[in-house]
Amino acid sequence: MSVLTRMSGQSKGEKLFRGIAVSAGICRGKILVLHRARHIIARRGLADGEITEEVGRFEKALVQTRQQILEIQEKVLKNLSAKEADIFEAYLLMLEDQVLVDEVIRMIRDQKVNADYAFHTVAERYVTALVAVDDEYLRERASDMRDLTARVLDNLLEVRDEFDLHHITEPCILVSHDLSPSTTAQLDKKFVLGFATDIGGQTSHTAIMARSLGIPAAVGLQTISQELNTGDYALLDGYNGTLVVNPTDQTLFEYGQLAKIKASLDEKLREIQQQPAVTLDGKFIHLSANIENQHDTEAVLAHGAEGVGLFRTEYLFINRESLPNEDEQYQSYRQVAAALKPNPVIIRTLDLGGDKFASHLQLAKEVNPFLGWRAIRFCLAQPVLFRAQLRAILRASAEGNVKMMYPMISGLEELNQANALVEKCRAELRAEGKPFDEKMEIGAMIEIPSAALIADALATRVKFFSIGSNDLIQYTLAADRTNEKVSHLYEPTHPAIIRLIKMTVDAAHRHGIWAGVCGEIAGDPVLAALLIGLGVDELSAAPTVIAQVKYMVRRLKLNEAQALAEFALHCESPSEIHARCRELARQTAPSLFENKS
Ligand code: PEP
Ligand code: MG
């Protein structure tokens, strides 16, 4: 009898747990609850003669752990990709952190205590410090550190880790308080149908790993690992982040229908993924992807995007302890340019500030960060930092179809200053004999109302516009994009937004340049027709939504989109405009909305 059958509970009523959806898909099966082995750490005094042996025991545990991590890394590299394997580099770095190791050995020697007690004490101090940091990336490292600590303690105390998962012999849904990346990396899709955890967020490495593995997952379900038992029967919905325990026949039927609908839509989307985004009457729309780092290029091509419309370079600066220098940036940019050649890659210059901060820059807190020292304002005030990025981008332009754009342009003066700096960098590179594309196109993001209002003047100095609707909406409607309390005011279909988009596009076309949209609205199939009707030439969105937008575009007629835009330009009500957009979208591509109410 298997572990699951043995522990099967009595049949109980249906119970629904809600969490955060992190990896799409639906699965059902028996639950296996995993609890991390509890380490009993007791302080034990040592005799003088025992100290050397204790230090040796600690060092041996480090070597064993290192070996295990290397094995996991190798497996991940083979089964997933270099990006996932990279996660374990951080583990190895922590393991080799001489400050930490020395501190533990000093404690064993000076305080004459056992290695597990000393290691646990020092490691906990590190975890506490990481948790307290005001930086999401570093906070995530706290859970990596906990995972690593548990592994070292397993080795020190010779505890067999239940999480090694070798004992699973039949398909199940894993439930646990947390699932570390190192455990997630070892999941065998044959046996692990999906997983659900008490804690975790969208950006955790566990979530990233689940998406790469393609297994349904939900996190943040609070106390499920305490409330559920191994053997309980459940249905996991990775689209909505819910776990239904003891689902009724009706629930199973409904989810069965949903799974069928999703599978048939996925099939339809796959069919058109590599087709062009062209309307029924022949209007071609350039569909590009938004990316955050150089590892995202595979996703760009796999989802059928024609290049990158927005490379948010700030993530190269945020998730680390020091600034990336020119060469390091150049390597990242050229990697993307080369991988996607001949497709265009639009690199956006640094947009720090607002809600994005690099902890190592230690910028003073501002009362109104979104109205403050952000993006191009910050870069123009930091010419050394800006110059390194401009040179890196220019150099990468020799390796592919690179374009560059500035964020948060509010007026001509900023654009002129930035362009003058680029000119200087070009002259330097020429003198140094470093190759770059003399014709590399430079564009401006239009995300402040003042820029839209003077779009005619800006258009004479750039080769394209990219409308940053996320910011354009927040600045036009004075509604902080991160503040839930004013989210009802944050309306993409507000007539003011529609008019500003129209002004921008018209100004671009009058001056013979193109205009795209790279904010979140570009990835919403409901709004695609409106944007196309307003004359937008390019839409740039997260790789995962590209296929849906393409599906919509390929079913649209340009005159219908134009009629919708005409209606929107004369309508006073944001909700009426949105309702019209929804109506046309549902008529045009009903399959995209079948599972939505
Ligand atoms: C935008 O503002 O729409 C945009 C694309 O830039 P970000 O979201 O990075 O501010
Ligand atoms: Mg923006």
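1. Before anything else, one definition: two strands pair if DSSP finds at least two bridges between them. Strand 15 (residues 514-517) and strand 16 (residues 538-541) make that cut, as they are joined over two bridges and run in the parallel sense. Inside this pair, Val 517 sits opposite Leu 539 of strand 16. Keep in mind as you read on that this is a predicted model.

2. Now step back and look at where that pair belongs. Eight strands close into a barrel, and going round you meet them in the order 9-10-11-12-13-14-15-16, with parallel pairing. From one strand to the next, the twist averages 30°. Helix 13 (residues 326-340) packs on this sheet, where it touches strand 9 (286-291), strand 10 (308-312), strand 11 (344-348) and strand 12 (401-406). The direction of helix 13 makes about 160° with that of strand 11.

3. Strand 15 has a second partner worth a look. It pairs with strand 14 (residues 464-467), again in the parallel sense, and this time over four bridges. If you want a spot to click on, try Ser 466, whose bridge partner in strand 15 is Gly 516.

4. There is also an open sheet, and it is built from eight strands in the order 1-8-7-3-4-5-6-2, with mixed pairing. Which strands stand at the edges? They are strand 1 (15-18) and strand 2 (20-23); each has a single partner strand, so one side of each is left without a neighbour in the sheet. The twist in this open sheet averages 30° from one strand to the next.

5. For a pairing in the open sheet, go to strand 3 (residues 26-34) and strand 7 (residues 233-237). These two run antiparallel and are joined by five bridges. Lys 30 faces Tyr 233 of strand 7 across the pair. A handy rule while you are looking at strands: in a regular strand the side chains alternate between the two faces of the sheet.

6. Next, the metal. Which residues are the protein donors of the magnesium ion (ligand 2)? They are Glu 447, through OE, and Asp 471, through OD, at 2.0 to 2.2 Å from the ion. The two come from distant parts of the chain, 24 residues apart: Glu 447 is in the loop between strand 13 (442-446) and helix 17 (449-453), while Asp 471 belongs to helix 19 (residues 469-477). Glu 447 is buried, at a relative accessible area of 2%, and Asp 471 is buried too, with a value of 2%.

7. Are you wondering about disulfides? The whole structure has zero of them. Why is there no bond at Cys 379? The closest cysteine sulfur belongs to Cys 425 and is 12 Å away, which is too far because a disulfide needs its two sulfur atoms within 2.5 Å. Cys 425 is likewise in no disulfide, its nearest cysteine sulfur being that of Cys 379. Cys 379 is buried, with a relative accessible area of 0%, and Cys 425 is buried at 1%.

8. Last stop: helix 23 (residues 558-570) and helix 24 (residues 574-588). Their axes come within 10 Å and cross at roughly 170°, so helix 23 is roughly antiparallel to helix 24. The contact brings Glu 560, Leu 564, Phe 567 and Ala 568 of helix 23 up against residues of helix 24, including Arg 580, Cys 581 and Leu 584.

Key: Residues are numbered from 1 along each chain as its sequence is written. Chains are lettered from A and ligands numbered from 1 in the order in which they are written. This is a predicted model: local features need pLDDT of at least 70, side-chain atom pairs count only at pLDDT 80 or more; totals for chains, interfaces and linings use all residues. Side-chain values use heavy atoms; hydrogens and water are left out. Buried means under 20% relative accessible area, exposed over 50%, partly exposed in between (1.4 Å probe, protein chains only). Axes are lines fitted to C-alpha atoms, for helices over the stretch in contact, and angles run from 0 to 180 degrees between N-to-C directions. Contact means heavy atoms within 4.5 Å. Donors are N, O and S atoms within 2.8 Å of the metal (3.2 Å for Na, K and Ca); water is not among the atoms, so sites may look incomplete. Angles under 35 degrees count as roughly parallel, over 145 as roughly antiparallel, 65 to 115 as roughly perpendicular and the rest as oblique.
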